[in-house]
Amino acid sequence: MDITGEYRITAPREAVWAALNDPAVLALCIPGCKELTRASPEELAAKVALKVGPVSATFAGTVRLEDIRAPEGYTLVGQGNGGMAGFAKGRAVVNLAEDGPDTILRYEAKAEIGGKIASLGGRLIQATSRKLADEFFGKFANRLGVPDPEPVAPALS
């Protein structure tokens, strides 16, 4: 499953970059986040409770930061296991571009899921993924003290 998105955040790129690298900010923004800790400078450990259709599970996993280009972006590589509900793994390339006083955040993500959650069907999973991304970026922008970000040309494939 491929997911892409672009958001205009009314904050300087340096502020967006700092927030994207702050586990406390991320923990408040990630939907269903129960715990987020920095295991090393390039790795985070997380516990996230999610509900996709009729399936609810708590996923435990890790996210590793690669190809770090401060303050322009990085690649996130993650995996999580939700027990009987299944697993998820993927990678996302996140880029930040200045546009006057604003920041354009673009991401391209590829995800693979398996287990019970995969049996729910692509449409439900993609719709849930888009909803979770929009919820994350809305909370993220609000933590920066700015209005909700403006989605620009969202796409699912």
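**Figure 1. Overview of the protein chain, which has three helices and nine strands.** The model shown here is predicted. Read from the N terminus on, the elements of the protein chain follow the order β-α-α-β-β-β-β-β-β-α-β-β. The C-alpha trace of the protein chain spans about 45 × 35 × 25 Å along its principal axes. For a chain of 157 residues, a compact globule would have a radius of gyration near 15 Å, and the protein chain, with 15 Å, agrees with that expectation. Of the 157 residues in the protein chain, 38% are buried. The accessible surface of the protein chain amounts to about 8,200 Å², and 57% of this surface belongs to carbon and sulfur atoms. When contacts in the protein chain are taken between residues at least 6 apart in sequence, 53% of them join residues at least 24 apart.

**Figure 2. Close-up of the pairing between strands β2 and β3, which run antiparallel.** Strand β2 covers residues 33-40, and six bridges join this strand to β3. The two strands are connected by a hairpin, in which two residues lead from β2 to β3. One position to look for in this view is Cys 33, whose bridge partner in β3 is Val 48. When following either strand by eye, a reader may keep in mind that in a regular strand the side chains alternate between the two faces of the sheet.

**Figure 3. Close-up of the hairpin of β3 and β4, where Gly 53 takes a positive phi near 60°.** Strand β3, made of residues 43-52, and strand β4, made of residues 55-69, run antiparallel and are joined by 10 bridges. Two residues lie between the strands in this hairpin. Among the positions that can be matched across the two strands, Lys 51 stands opposite Ser 56 in β4, while Ala 49 stands opposite Thr 58 in β4.

**Figure 4. Close-up of the hairpin formed by β4 and β5, with three residues between them.** Strand β5 covers residues 73-81 and runs antiparallel to β4, and eight bridges join the two. One of the pairs that can be followed here brings together two glycines, since the bridge partner of Gly 61 in β5 is Gly 80. Taken with the preceding view, this shows β4 joined to β3 by 10 bridges and to β5 by eight bridges.

**Figure 5. Close-up of an aromatic cluster formed by Tyr 7, Tyr 107, Phe 136, Phe 137 and Phe 140.** The structure as a whole holds six aromatic pairs. In one of these, the ring centres of Tyr 107 and Phe 137 are 5.6 Å apart and the ring planes meet at 20°, so the pair counts as stacked. This pair links distant parts of the chain, as Tyr 107 belongs to strand β7 (residues 102-114) and Phe 137 to helix α3 (residues 122-143), with the two lying 30 residues apart. Phe 137 also forms an aromatic pair with Phe 136, and this pair is edge-to-face, with 5.0 Å from centre to centre and 80° between the planes. Both Tyr 107 and Phe 137 are buried. The relative accessible area of Phe 137 is 8%, and Phe 136, with a relative accessible area of 14%, is buried as well.

**Figure 6. Close-up of Cys 29 and Cys 33, in a structure whose count of disulfides is zero.** The cysteine sulfur closest to that of Cys 29 is in Cys 33, and because the distance is 9.6 Å, the two are too far apart for a bond. Seen from the other residue, Cys 33 is in no disulfide, and the nearest cysteine sulfur, at 9.6 Å, is that of Cys 29. Cys 29 has a relative accessibility of 0% and therefore counts as buried. Cys 33 is also buried, with a relative accessible area of 18%, and lies under the 20% cut-off used for that term. Cys 33 is the residue whose bridge partner in β3 is Val 48, which ties this view to that of strands β2 and β3.

Terms used
Residues numbered from 1 in each chain as written. Predicted model: local features only at pLDDT ≥ 70, side-chain atom pairs only at ≥ 80, totals over all residues. Heavy atoms only, no water. Pairing = 2+ DSSP bridges. Helix = DSSP H or I, 4+ residues; strand = E, 2+ residues; numbered from the N terminus. Phe/Tyr/Trp six-rings, centres within 6.5 Å; stacked < 30°, edge-to-face > 60°. Buried < 20%, exposed > 50% of the residue type's maximum accessible area, 1.4 Å probe, protein only. Disulfide = S-S within 2.5 Å. Rg over C-alpha atoms; globule rule 2.2 N^0.38 Å. Contact = heavy atoms within 4.5 Å. Areas by Shrake-Rupley, 256 points an atom, 1.4 Å probe, with all protein chains shown as cover.
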